[in-house]
Amino acid sequence: MSEEIEGTKPATEEATSEEQEEMDDKVISPEKAEEVKLKARYPHLGAKPGGSDLLRKRLQKGQKYFDSGDYNMAKAKVKNKQQPPAVTQAEKAEITGDHIPTPQDIPQRKPSIVASKLAG
Amino acid sequence: MAGAGGGSNDVQWCFSQVKGAIDDDVAEADIISTVEFNHSGELLATGDKGGRVVIFQQEIENKSQPQCRSEYNVYSTFQSHEPEFDYLKSLEIEEKINKIRWLPQKNAAQFLLSTNDKTIKLWKISERDKRPEGYNLKEEDGRFIDPNTVTALRVPVFRPMDLMVEASPRRVFANAHTYHINSISINSDHETYLSADDLRINLWHQEITDRSFNIVDIKPANMEELTEVITAAEFHPHQCNTFVYSSSKGTIRLCDMRESALCDKHSKLFEEPEDPSNRSFFSEIISSISDVKFSHNGRYMMTRDYLSVKIWDLNMESRPVETYQVHEYLRSKLCSLYENDCIFDKFECCWNGNDSVVMTGSYNNFFRMFDRGQRRDVTLEASRESSKPRQVLKPRKVCAGGKRKKDEISVDSLDFNKKILHTAWHPQDNIIAVATTNNLYIFQDKVN
C-alpha cells in the first residue's frame with residue numbers, strides 16, 4: 001500500500017484513499033446493510049438477538065391467559081357471539097336473574113369437527 | 001420400477017395430482033403441517049393445524065409396465081389430536097400435528113406416530129374386508145333373536161364386505177415434555193423412539209406409555225443463561241445407538257447412547273467456523289437449523305438453515321462437505337423478513353431414494369432440488385396454473401437485481417405468504433409430495 005513512488009505520489013495517494021473509502025462502502029455485506037436498516041427503525045433493539053429474550057419468547061409460546069378463569073371467560077365471550085345458548089320458550093319467558101344456567105346452556109368448548117379438505 | 005437415480009436434469013418433473021381446496025380463503029385448520037411417505041412409499045400421510053391426519057394410498061394403473069403412472073387416493077382420515085388447555089400453566093396446547101413418522105410394517109396393519117406440542121400418539125390403521133355373518137342369536141342388522149325361537153345351530157362364516165379402513169389410537173405417550181415437541185424419530189431397533197422438545201430429548205419404548213427416559217437435557221440451572229435450544233433430532237438409520245440433534249445456533253451434536261445414560265456430552269460436534277468479521281445481528285438467527293435428516297445410507301446428514309442446505313460427512317465435524325444456497329437473494333432482505341417474522345420460518349428438507357438429490361422449499365410456492373453428483377440445481381413451482389395433467393414443470397428463476405429477463409421474477413414480487421415448508425420424496429421412485437399452505441401437490445418423473 002505504501003510504496004515509494006516519486007513525484008506523483010501525493011496525488012496518487014489521495015485518489016487511492018478516496019477510492020478505498022468508496023470501495024469499503026460498497027463492500028459492506030448485504031447482511032450488515034440490513035442490520036443498519038433494522039437498527040435505524042428500532043433503536044432500542046438489544047445487541048444480542050439470539051439470546052435469552054428471543055428464546056424465552058419461543059419457549060413461552062401458547063401462554064395466552066393469566067389463569068384458567070381468564071381463559072374460560074375469553075372462550076365464553078367468543079362462543080356467545082357465535083352461538084347463543086339454546087333456551088326453550090318457557091325459559092325465555094323467565095325474568096333474567098331467575099334463570100339458573102344448566103350444563104346444556106353453557107356453550108361447548110370446541111365446535112363440531114369438520115373433515116379435512118384434503119380428503120374431499 | 002423406475003430407478004431413483006438421475007439428476008435433476010435427467011428427470012422431467014410433471015404434475016400428477018393436487019389435493020385440497022382451491023379457494024384462497026384458507027381456514028387455519030387446513031394449513032398442512034407435516035408430510036411423510038411410509039417405508040414402501042405406498043402410503044402418504046399429511047397432518048394439519050386442525051389436528052387431522054389424512055392418509056393417501058398409491059394405486060398403480062398398470063403394474064406390469066415399468067415406469068407406470070400411479071395415483072394417490074384417500075385411504076383414511078382421522079382426528080389425531082384435539083386442542084387442550086393446561087390449567088396449571090395457563091397454557092393453550094395446539095392440536096397442530098408437528099410430525100408424523102411411520103413405523104416399519106410388521107403385519108397387515110400400518111402404524112404411525114403423530115405428535116402435537118405435548119403428546120405423541122401411536123395410531124393403528126387396519127383394513128377390514130370381511131365380516132362374520134350367520135349369528136345364532138343376532139339378526140343381520142344387530143337385533144337380538146329370542147333364544148327360545150332358535151331350533152338349530154349354525155356356524156357363522158366370514159363373507160367379503162366393502163373395504164373399511166379403520167384408524168384407532170393404540171398408545172398415548174403424554175406428560176413427558178415441558179416444552180414444545182419439535183421432532184420424533186423411530187429407532188432402527190424397531191422398539192424405541194425419541195421425542196425432542198426445545199430443551200430435552202426423551203427415549204420411549206413403543207409399547208410403554210407411562211415411562212420415558214431423558215437422554216438429553218440442555219436446560220440451564222438459571223434460565224437467564226439460556227443461549228440455545230434444540231431444533232430437531234433424529235436417530236441414525238442403521239446404528240440404533242446413535243442420534244443427532246441440531247440447535248438454534250447452527251450446531252449439530254451426535255450422541256452415542258452406549259456412552260452414558262444421559263447424553264449431555266456429545267460424541268461429535270458439527271459446526272462450521274464463522275468469520276467473526278461477517279457477523280451481524282442476523283447471523284445467529286439465520287444459522288438456526290430448522291431440520292436435520294440422515295441420508296438413507298447413513299453416511300451423511302443434511303441440515304437446513306434459513307438460507308442454505310448443508311451436507312455433512314459424519315466423519316468430519318469441522319465443516320460441511322457441500323453447501324447449497326436456497327435463496328441467497330434474501331440476504332439483502334433480512335430486515336423486512338425479520339419484521340414480518342418470515343426469518344423464523346422452519347423449512348424442512350429431504351433426500352431422494354439413493355441420496356443423489358436433495359430437496360427443500362422456499363417462498364412464492366417455489367421449491368428447490370440440488371443434484372449432488374451433477375452439481376446442478378433447479379427451482380420449480382407448485383401452482384394451480386401449472387396443474388394440467390402430466391404437464392411438465394418449467395424451471396423458475398428469481399432475478400436478484402439488475403435487468404429482469406422475461407419469465408424471471410424479481411425478489412420484490414415474491415409472495416412470502418406462499419411458503420413451502422414441508423416436502424417429501426418417495427423412498428424408491430421419483431415421486432414427490434410438496435405441501436403449499438393448504439394444498440398437497442404430487443409430482444412425478446415424466447413417463448417416457
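Good morning. I begin with one contact: the side chains of Arg41(A) and Glu339(B) meet in a salt bridge, with 2.3 Å from N to O. Please keep in mind that this is a predicted model, and that every value I quote is computed from it.

That pair belongs to a wider interface. How many salt bridges does the rule find across the interface of chain A and chain B? There are four. In addition, 12 residue pairs are in polar contact across the interface of the two chains, both residues of a pair being at pLDDT 80 or more. On the side of chain A that touches chain B, the elements giving two or more residues are helix 2 (30-41), helix 3 (52-59) and helix 4 (68-82). Helix 2 of chain A supplies the largest share of that side, with nine residues.

Let me turn to the extent of the interface. In chain A, 41 residues are in contact with 59 residues of chain B. Between them, chain A and chain B bury about 4200 Å², and 57% of this lies on carbon and sulfur atoms. Which residues of chain A lose the most area to chain B? They are Glu31(A), Leu59(A) and Leu118(A), which together account for 19% of what the chain A side buries.

A word on chain A itself. Chain A contains five helices and zero strands, and from the N terminus on its elements run α-α-α-α-α. Of the 120 residues in chain A, buried residues make up 13%.

I now move to chain B, beginning with a sheet. Four strands of chain B form an open sheet in the order 16-17-18-19, with antiparallel pairing. Its edge strands are strand 16 (230-235) and strand 19 (268-270), each of which pairs on one side only. From one strand to the next, the twist averages 20 degrees. As general background, strands of a sheet pair through backbone hydrogen bonds, either parallel or antiparallel. Within this sheet, strand 18 (residues 252-256) and strand 19 of chain B run antiparallel and are joined by three bridges. In one case, Arg253(B) has Leu269(B), in strand 19, as its bridge partner.

Next, some loops of chain B. Most residues other than glycine have a negative phi. Asn365(B), however, has a positive phi, near 60 degrees. This residue sits in the loop between strand 25 (357-361) and strand 26 (366-371) of chain B. Is Asn365(B) buried or exposed? Its relative accessibility is 10%, under the 20% limit, and therefore Asn365(B) counts as buried.

Arg390(B) also has a positive phi, of about 60 degrees, although it is not a glycine. Arg390(B) lies in the loop between strand 27 (376-381) and strand 28 (397-399) of chain B. Its relative accessible area is 52%, over the 50% limit, so Arg390(B) is exposed.

My last residue is Glu82(B), located in the loop between strand 5 (70-79) and strand 6 (84-86) of chain B. At 32% relative accessibility, Glu82(B) counts as partly exposed, because this value falls between the limits of 20% and 50%. The C-alpha atoms of Glu82(B) and Gly50(B) are separated by 7.9 Å, while the two residues are 32 apart along the chain.

To close, I return to the interface, where the salt bridge of Arg41(A) and Glu339(B) was our starting point. Thank you for your attention.

Technical notes
Residues are numbered from 1 along each chain as its sequence is written. Chains are lettered from A and ligands numbered from 1 in the order in which they are written. This is a predicted model: local features need pLDDT of at least 70, side-chain atom pairs count only at pLDDT 80 or more; totals for chains, interfaces and linings use all residues. Side-chain values use heavy atoms; hydrogens and water are left out. Two strands pair if DSSP finds at least two bridges between them. Axes are lines fitted to C-alpha atoms, for helices over the stretch in contact, and angles run from 0 to 180 degrees between N-to-C directions. Buried means under 20% relative accessible area, exposed over 50%, partly exposed in between (1.4 Å probe, protein chains only). Contact means heavy atoms within 4.5 Å. Buried area is the accessible area (1.4 Å probe) that two parts lose on being put together, summed over both. A polar contact is a pair of N or O atoms within 3.5 Å; within protein, one must be able to donate a hydrogen and the other to accept it, and residues adjacent in sequence count only if both atoms are side-chain atoms.
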